[in-house]
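With the model open in your viewer, follow this tour from one selection to the next, keeping a cartoon view for the pairing of strands and switching to side chains where burial is discussed.

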Amino acid sequence: MKKNLMILTIAGLAAIAPAQAQNEGYANARQDKYEVLTNRFRDNWFISVGGGAELLLGNGDTRGSLGDRISPTLNVSVGKWFTPGLGLRLQYSGLQARGFTTDASNPYAKGMEGTGANRYYKQKFSYGNLHADALFNLNALFGGYNPDRIYEIIPYAGAGFTHTYSGKKGEALSVNAGIINRFRLSNALDLNLELSGMLVENKFDRELGGNQDFDGTVSASLGLTYRFPTRGFKKAKQTPQLISEAELKDIRSKVNSLVAENANLKQELAAKPVIQEVVKEISTTPEIAPRSVFFTIGSSKVSAQELVNLGFLADQMKQYPDLKFKLVGYADSATGTPEKNKELSRKRAQAVVDALVSTYGIAGNRMTIDAVGGIDKFDRDKVYLNRMVQIEVVK
C-alpha cells in the first residue's frame, strides 16, 4: 500500500511539472504563530488612563521618612501596536512630587524639620512628564500572536521632558522605563498594572548639590486600556507550495525507473502460461497514469493551477468514455483532528469531481469518491504532499 501511494503521488507530481517549471527555487509556505499581516495605520490604536503612587529620589530626600515622600500620580497614554510584539505610545504622567532638602532657599521648601546641622525642609511641587516609549510584548515576541491571551508582560523604554508647575517653572530632560502587566478583560478592554521609573536632570527638584547628577522617581499605577477598532492582527495567508527544479528532475527519474520496472514485470507475466489470459485482459485497458491534485493547508478549493493540470486527465477521460475513475481524498495528519481531516479529505475529493463535471463536462456517474482522512506518509520537508486527492482508473 505504501509503495502504491508513492507511485501515485510521483505520477501526479510529474503531471504538474510543466506548470511549475516557470518558477525558480522554492516559495516556502511557512505559516506559523508568528506570521501576521502588516496592519493599516488606523488599526490597533489604544488609549490608557491610570493612577497610583510615586516616590521621589533626590539629593536630600533620604533625610525624611519614606511615607512623607510618597505622592499621588496619574498617567494618560495614546499609542499603537505595529506588530503583536512591537508598539509605540506617547504618555503624559506625573502630578505631584514630595521630598526633602537642606536648602532653605529651595523654591519648593515647605517648613523646617530638625535643628542645627540636622535641619531640613519638606519639598512639594507639581509637575508633568511627557515622554514617548517603545513597547515590547514579550509574550508575543517569544510565544507568538494570541489575541485571547489573558496575561502579557510588556517592558518599555523611552525619553521625554518634564515641566514643573509650582514656583519657578522649568523643564528638564527625562529617561523613562518600566513594565506593564496587562490583563485582558475583553476584546476591547485591558487592566494594566504599570511599574515605572524616571531619571531626570538634577535641576528637576531645584536642588543642585549632592553627589548625584540626576533625580528620579519610581511609581506604581493601576489603570485601563481601551483598544479602538480595528483590533488585533490577521494571520498571514499561506504562500502556495512550489517544487524546485531539482526535485522535478528527481521525480522524473523515479517515474522512468518505475515505468521500466513495470515493463519488466509485464514481460515476466507474459512468459508464464498460467496467467496468459490475465495478461491479455490487462493489456486491453488504456494506460492512463494516476493523477494527484494538491491543496493548501486547511483548504478544499481546487486552485487555478491544479484545474489546468486536470485538463490533461479530462482529455483522456473523454477519449475513453467507458472508463470509471476513483478519487481518494487525503489530509495532513499533523494539523487538525482526525474527524476534521476525514471531512476535509472527503470535501477535497468531491471538489475535484465537481471541477471535472463543471469545467470539463465529465459525467459525474463515472466517478466515485473515498475519504481516507489524515496521513503522514511524507517527512516534514514535504508534508504538503499529504494534502491531496489521487485519481486512478477503476480496473
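Begin by selecting Lys326, whose bridge partner in β12 is Thr368; helices (H or I, at least four residues) and strands (E, at least two) are DSSP runs, numbered from the N terminus. This is a predicted model, in which local features need pLDDT of at least 70 and side-chain atom pairs count only at pLDDT 80 or more, whereas totals for chains, interfaces and linings use all residues. Residues are numbered from 1 along each chain as its sequence is written, and side-chain values use heavy atoms, with hydrogens and water left out.

Extend the selection to β11 (residues 325–332) and β12 (residues 367–375), which run parallel and are joined by eight bridges; two strands count as paired if DSSP finds at least two bridges between them. To pass from β11 to β12, the chain goes through helix α7 (residues 338–360) in a right-handed β-α-β crossover, meaning that, with the strands pointing away from the viewer, the path from the first strand over the helix to the second runs clockwise. Of the eight residues of β11, seven are buried, that is, under 20% relative accessible area with a 1.4 Å probe and protein chains only.

Next, add β13 (residues 388–393), which pairs with β11 in the antiparallel sense over five bridges. Phe325 has Val393 as its bridge partner in β13, and Gly329 has Val389.

Now show the whole open sheet, whose four strands lie in the order β10-β13-β11-β12 with mixed pairing. Because β10 (291–294) and β12 stand at the edges with a single partner strand each, one side of each has no neighbour in the sheet. From one strand to the next, the twist averages 20°, with axes taken as lines fitted to C-alpha atoms, for helices over the stretch in contact, and angles running from 0 to 180 degrees between N-to-C directions.

Which strands does α6 touch as it packs on the sheet? Select α6 together with β10, β11, β12 and β13, and you will find it touching these four (contact means heavy atoms within 4.5 Å), its direction making about 155° with that of β10.

Finally, follow α6 (residues 304–319) along its 16 residues to Phe312, where α6 bends by about 30°, the angle between axes fitted to the seven residues ending there and the seven starting there. Its buried residues include Leu310, Leu313 and Met317.

How values were computed:
The expected span of a helix is 1.5 Å times one less than its number of residues. Buried means under 20% relative accessible area, exposed over 50%, partly exposed in between (1.4 Å probe, protein chains only).
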